[in-house]
Amino acid sequence: MESNDLMIEHNRDLLLRPDLKPGNSGNSVLDQCLGDIDDYSLNVQELGSSHIDDHRLAVNQSNQYNMVLRHGNVQNYEEKGLDFDSDVKLDTDQEHTDVDDQENQLTPISQRRLGLMEKHELANKKYCVSHENSSSAVKQNQETCLVIDTPVIQSRVQDPVPNHQLTVGQQFLDVHSCRRALRDAAIANHFELKTIKSDKTRFVAKCASEGCPWRIHAAKLPDVPTFTIRTLPNEHNCVGITHLGHQQASVQWIADSIERSLKENPHYKPKEILEEIHQAHGIALSYKQAWRAKERIMAAVHDSFVEEFHLLPWYCHQIGRTNPGSVAVVYGNPVDRSFERLFVSFKASIYGFLNACCPLIALDEMVLKGKYHGTLLLATGFDGEGAVFPFAFAVVDDESNGEWMWFLSELHNLLEANIVNMPKLTILSDRQKSIIDGIEVHFPSAFHGLCVHHLIVNFSKEFDNTILANLLWEAAFALTAIEFEQKITLIEELSEDAARWIRRIDPHLWASAYFEGKRLGHLTADIVQSLGTMILEASGLPIIQMMENIRRQLMMWFNERSETSSQWTGILVPPAERQVSVAIEHAHTHQVLKVDDAEFKVISAEGSHIVNICSRHCSCCRWQLCGLPCAHAAAALLSCRQNVSRFAESCFTVANYRKAYSQTIHPIPDKALWRELSVGLDNAGYNSAELVIKPPKSLWPPAAKPGKKRPCTEVSGHMKRAVHCSRCHQTGHFRTTCTAPL
């Protein structure tokens, strides 16, 4: 049997080698084994082919991924001549893959993964450890780094499935832990408990089903709070519960079950809680139970609101410590130290915006939905694919004045400190008065445009007509003044009042044909809607949890987009590459007349246009407004044998896109370590009183409780009391409402 196992194991490895065929291995013994694989496959299937299939699946999956154990930064690899396309890379060198046949037995995938490091003799390898942007880097033998080429399964880490098996001798921390464990076991195994005795030293219960002999006895150990199961004599002979409810499904159990989900999404509705409990446990709850469980969790969350305001100075210090160059500052009221403002911007975002994004800033705000009044202010750029690129956030108390003036001041100081020459900026917003005043003071040379989405929303409130709204969008995107006037004329034909409403707003603020700034096709500043659930779900959390949600999402975006861009091979990002390809395809039907080395006349079916490739200008206006060569420009560039992609704005290039996400947003340690890691904060010119930030004074009104449902009289069994009038002595009304004549 042992020899058969060895032969089966050998054949299993050969099955995973598609490059080996009978007769071409160069080894007679190996050829014989390859020829006999079909005979042994049946035996393998009988002895547990599921492990082989799992291992084959693991190898196939590992061939799709590359992994490198990296303890340094990408630059270290590039300096050594390694082609580092992503954070995950697998070396094809086979010198590390020789494993003894005895070690390479049929084992579950999880065991093979756990034994991964042992199979490569880590003790004989050099390794290096380096923390980017850290002054306390520890480096050992930087010349080489450990490279692993063992099949690795990439899978999402999942929470372990709880084990509800009860055994004699099983111990619990205290009586409360014992009760919780028995409660969870009863719910998981679909039976109900009936408590016989429960005090500080013992817990005795039995199955609630009549006639079932199942019984459990737990008792406290001497001199310690630990409880242990003493006896568990019989098994269940009942069929379990036959109804949809459960006696042990208390409000506290529901709260324990949904605590994690509710903290991640404070807007979790009781109806969604009912669905989750029913799908996970098969238990039907009442709406009142779900609502009370949510209220119990939210009460604990609201208590953390106060605590997190106290921790804000330490949180800001941790941002600066873990992400050097970042800006994080909190302001309190000088009189009572109540919270007023928080400003956060990560160094990686600042670097990406200033060095790789177009000089366009969108400003937006969102009202927070937590325990206290507050507003989240955002400043974002746009990357080469058109995705939002957030780089500055602020939280302000609603009772503080001049929040946008302060935010734009912080934004100006942030940009000025990280660049030598401030670029000519274009800023988009809803142009409320406070933003206009702030831009005039801190960015006087910037072009300040009106968000077209905000314009359309206000227009739709006055004129509820989809056709008019669509025509207004088309007018905003019109590239020339002639096209713009044509759209306004169509609106005027449908509604003179709508056209009059539009003409009251200066088109230089919103229309592409008249706007003087560089928007590159971005006409809206509705950032909250673009960020979607990331912002909406975080808006009801305590302030640090909200900022951490935002930071984690940014960290994931930077990593994912950096890995994605490492696989691109073109000059431009894919969306821009597709637009240029379409322009080139249309350019083949155009006729080009050369005026000089820079100027061309391009004739098409729609008419003729003048193109200047030096100033990157076309009379159709698409090239200069959108940043990508139009069909006329492509025709002129192709006529002089130029690469059309080279004449796009730099923000659309793959090189700039990679630069935008080249730096890393590092995680923040657990809050339990902040005070220990911020020892120098007390000695940096702050006293203990200055480090205390109290919650703001403004509170949201308490949430409305679900109303009580009054039972119907016929259902309750009670007769409705008849009322009598003391004036006319009739029934059905009172004296005050009596209308009978006397």
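**Questions on a predicted model**

Q: Which is K433, buried or exposed?
A: The relative accessibility of K433 is 61%. Buried means under 20% relative accessible area, exposed over 50% and partly exposed in between (1.4 Å probe, protein chains only). Because of its 61%, K433 counts as exposed.

Q: What pLDDT do local features need here?
A: Residues are numbered from 1 along each chain as its sequence is written, and side-chain values use heavy atoms, leaving out hydrogens and water. This is a predicted model in which totals for chains, interfaces and linings use all residues, side-chain atom pairs count only at pLDDT 80 or more, and local features need a pLDDT of at least 70.

Q: How many helices and strands does the protein chain have?
A: Helices (H or I, at least four residues) and strands (E, at least two) are DSSP runs, numbered from the N terminus. For the protein chain, this comes to 27 helices and 16 strands.

Q: With which residue does K433 form a salt bridge?
A: A salt bridge is a side-chain nitrogen of Lys or Arg within 4 Å of a carboxyl oxygen of Asp or Glu. K433 and its partner are four residues apart in helix α14 (residues 433-442), so about one helical turn separates them. The partner is partly exposed, at 26% relative accessibility. Its closest O atom is 2.9 Å from the N atom of K433, and the residue is D437.

Q: How far apart are the closest N and O atoms of D597 and K594?
A: Both D597 and K594 are exposed. They form a salt bridge, with the closest N and O atoms at 3.4 Å.

Q: Which residues are joined into one network by salt bridges that share partners?
A: By the salt-bridge rule, the count comes to 13. Some of these share partners, and one network joins R183, D184 and D256.

Q: How many residues apart are D256 and R183?
A: The side chains of D256 and R183 meet in a salt bridge of 3.6 Å, N to O. This pair links distant parts of the chain, D256 in helix α8 (residues 251-264) and R183 in helix α7 (residues 175-188), and the residues apart number 73.

Q: Which is R183, buried or exposed?
A: Its salt-bridge partner D256 is partly exposed, with a relative accessible area of 34%. R183 has a relative accessibility of 13%, so R183 counts as buried.

Q: Which residues is H412 in contact with, leaving aside its neighbours within four places in sequence?
A: H412 is found in helix α13 (residues 403-418) and counts as buried, at 19% relative accessibility. Contact means heavy atoms within 4.5 Å. With the neighbours within four places left aside, the contacts of H412 are M422, H442 and F443.

Q: At what angle do the axes of α12 and α13 cross?
A: Axes are lines fitted to C-alpha atoms, for helices over the stretch in contact, and angles run from 0 to 180 degrees between N-to-C directions. The axes of α12 (residues 347-356) and α13 come within 11 Å and cross at roughly 70 degrees.

Q: Which residues of α13 make the contact with α12?
A: Because angles of 65 to 115 degrees count as roughly perpendicular, α12 is roughly perpendicular to α13. From α12, the contact takes K347, I350, F353 and L354, and from α13 it takes L414, L415 and N418.

Q: Which strands stand at the edges of the open sheet of seven strands?
A: Two strands pair if DSSP finds at least two bridges between them. The order of the sheet is β6-β7-β10-β9-β8-β11-β12, with mixed pairing. Each edge strand has a single partner strand, so one side of each is left without a neighbour in the sheet; these are β6 (327-332) and β12 (447-450).

Q: Which residue of β11 is the bridge partner of A362?
A: Strand β8 (residues 360-367) and strand β11 (residues 426-429) pair in the parallel sense over three bridges. In β11, the bridge partner of A362 is L428.

Q: Which helix packs on the sheet, touching β7, β9 and β10?
A: The direction of this helix makes about 170 degrees with that of β10. The helix spans residues 543-565 and is α21.

Q: How many of the nine residues of α24 are buried?
A: Among the buried residues of helix α24 (residues 631-639) are A631, H632 and L637. What covers them includes α22 (574-587), β13 (591-594) and α23 (622-626). The helix is mostly covered, and the buried residues number seven.

How values were computed:
Angles under 35 degrees count as roughly parallel, over 145 as roughly antiparallel, 65 to 115 as roughly perpendicular and the rest as oblique.
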